[in-house]
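Please open the structure in your viewer and keep the sequence beside it, so that each selection can be found in both. The tour goes from one stop to the next, and each stop says what to select and what is there.

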Amino acid sequence: MTDTPTRQRRWSPARLRGLPLWSVLAAGTLVGGLLGGSYGLLTPATYTATSYVIAVPTGKSTPDAALGFAQAYGRVATQLAVLGDAQVYAGVPVRTLQRSVRTATSPDAPMVAVSATSSRPGLAVDMANAVTRSLTRHADDSSDNTNVRLVPFSRAVEPNEPTSASPAVTGLVGASAGGLLGGLALLARPRRNGQDDEPAPAPSVPGPAAAADVRGQR
């Protein structure tokens, strides 16, 4: 009795081309979802704390001037002159403050919002309050020239929930991106030989009738 050797099944381009089209979309969605969920699980959660200061005009100034200086102080808050003093209050290097602190102003209200982000809620609070404290001190030092003072409006409080995306959200984003890439791959795939390139067959035209048939019809 002769044994027939068992052939190993190998993946080939021809076999891959034989897979249904929906499998590419399903594979892209699955891989994207797994990568997005893994990113959400491996990335540490971040917390954001925000403090507010308000620009107040003195007797020699106007509310419009206070609004303009609030815009200016919002840009100055992340400069080295302010962050150099804030690092003493926050207990972190200036580079950490430059990377973690952001400011925002309103075109309608003379208010400056200082937000700090960190993986530790308490540190985010300390950095936000330290920057507003340093900014207020610098504004007070020049209030005789600007006729505008910065007054603390609301101190930062410790956040209860992280502001970073959860693993479920990152998984959904990754699945959407994977499905989109799978759809683009289907659109950009090369056409198979013999498909969509051959001209359509010409319509058949009946041949001339035989002479005998013509005589028979007369």
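The stops below begin with the whole chain and then turn to single elements and residues.

**The whole chain**

Before selecting anything, keep in mind that this is a predicted model. Show the chain as a cartoon, and the secondary structure comes to 9 helices and 4 strands. If you follow the cartoon along the sequence, the elements come in the pattern α-α-β-α-α-α-β-β-α-α-β-α-α. The protein has 218 residues, of which 28% count as buried.

**Two helices that pack**

Next, select residues 80-90, which are helix 4, together with residues 121-141, which are helix 6. Two packed helices are described by the angle between their axes and the distance between the axes. For helix 4 and helix 6 the angle is about 130°, and the axes are 8 Å apart. Angles over 145 degrees would count as roughly antiparallel and those from 65 to 115 as roughly perpendicular, and helix 4 and helix 6 are therefore oblique to each other. Turn the view until one helix lies in front of the other, and the crossing of helix 4 with helix 6 is a right-handed one.

**A network of charges between them**

Keep both helices in view and show the side chains of Asp85, Arg137 and Asp141, which are linked in a network of salt bridges. Side chains of opposite charge can pair when their charged atoms come close. How many salt bridges does the structure hold? The number is 2, and the side chains of Asp85 and Arg137 form one of them, with a distance of 2.3 Å from N to O. Because Asp85 lies in helix 4 and Arg137 in helix 6, this pair ties together parts that are 52 residues apart in sequence.

Now move from Arg137 to Asp141, where the side chains meet in a salt bridge with an N to O distance of 3.5 Å. Asp141 and Arg137 both belong to helix 6, and the 4 residues from one to the other make about one turn of the helix. Are the members of this network buried or exposed? Asp85 counts as partly exposed, at 25% relative accessibility, and Arg137 also counts as partly exposed, at 35%, while Asp141 is exposed, with a relative accessible area of 56%.

**Around helix 3 and the loop after it**

Select Gln79 next, in the loop between helix 3, residues 63-76, and helix 4. Gln79 is partly exposed, its relative accessible area being 44%. If you also select Gln98, 19 residues away along the chain, the two C-alpha atoms are separated by 8.2 Å.

From there, step back to Arg75, which lies in helix 3 and counts as exposed at 56% relative accessibility. Its partner for this stop is Ala104, which is 29 residues apart from Arg75 in sequence and 8.5 Å apart in space, C-alpha to C-alpha.

**Either side of strand 4**

Select Asn147, in the loop between helix 7, residues 143-146, and strand 4, residues 148-154. The phi angle of Asn147 is near 60°, a positive value in a residue other than glycine.

Then go to the loop between strand 4 and helix 8, where Ala156 has its place. Is Ala156 buried or exposed? At 8% relative accessibility, and with under 20% as the cut-off, Ala156 counts as buried. Adding Asp126 to the selection gives a pair that is 30 residues apart along the chain, with 8.1 Å between the C-alpha atoms.

**A nonpolar patch on the surface**

For the last stop, show a surface and colour Leu180, Leu181, Leu184 and Leu187, which form a nonpolar patch with about 460 Å² of accessible area together. Leu181 is found in helix 8, residues 167-188, and Leu184 lies in helix 8 as well. Leu181 counts as exposed, at 57% relative accessibility, whereas Leu184 counts as partly exposed, at 45%. To end the tour, add Leu25 to the selection: Leu184 and Leu25 are 159 residues apart in sequence, and their C-alpha atoms are 9.4 Å apart in space.

Definitions and conventions:
Residues numbered from 1 in each chain as written. Predicted model: local features only at pLDDT ≥ 70, side-chain atom pairs only at ≥ 80, totals over all residues. Heavy atoms only, no water. Patch = residues over 30% accessible without salt bridge, like charges linked within 9 Å, V, L, I, M, F, W, Y side chains within 5 Å. Areas by Shrake-Rupley, 256 points an atom, 1.4 Å probe, with all protein chains shown as cover. Salt bridge = Lys/Arg side-chain N within 4 Å of Asp/Glu carboxyl O. Helix = DSSP H or I, 4+ residues; strand = E, 2+ residues; numbered from the N terminus. Buried < 20%, exposed > 50% of the residue type's maximum accessible area, 1.4 Å probe, protein only. Axes fitted to C-alpha atoms, helices over the stretch in contact; angles between N-to-C directions. Parallel < 35°, antiparallel > 145°, perpendicular 65-115°, else oblique. Left-handed = near helix turned anticlockwise from the far one by under 90°.
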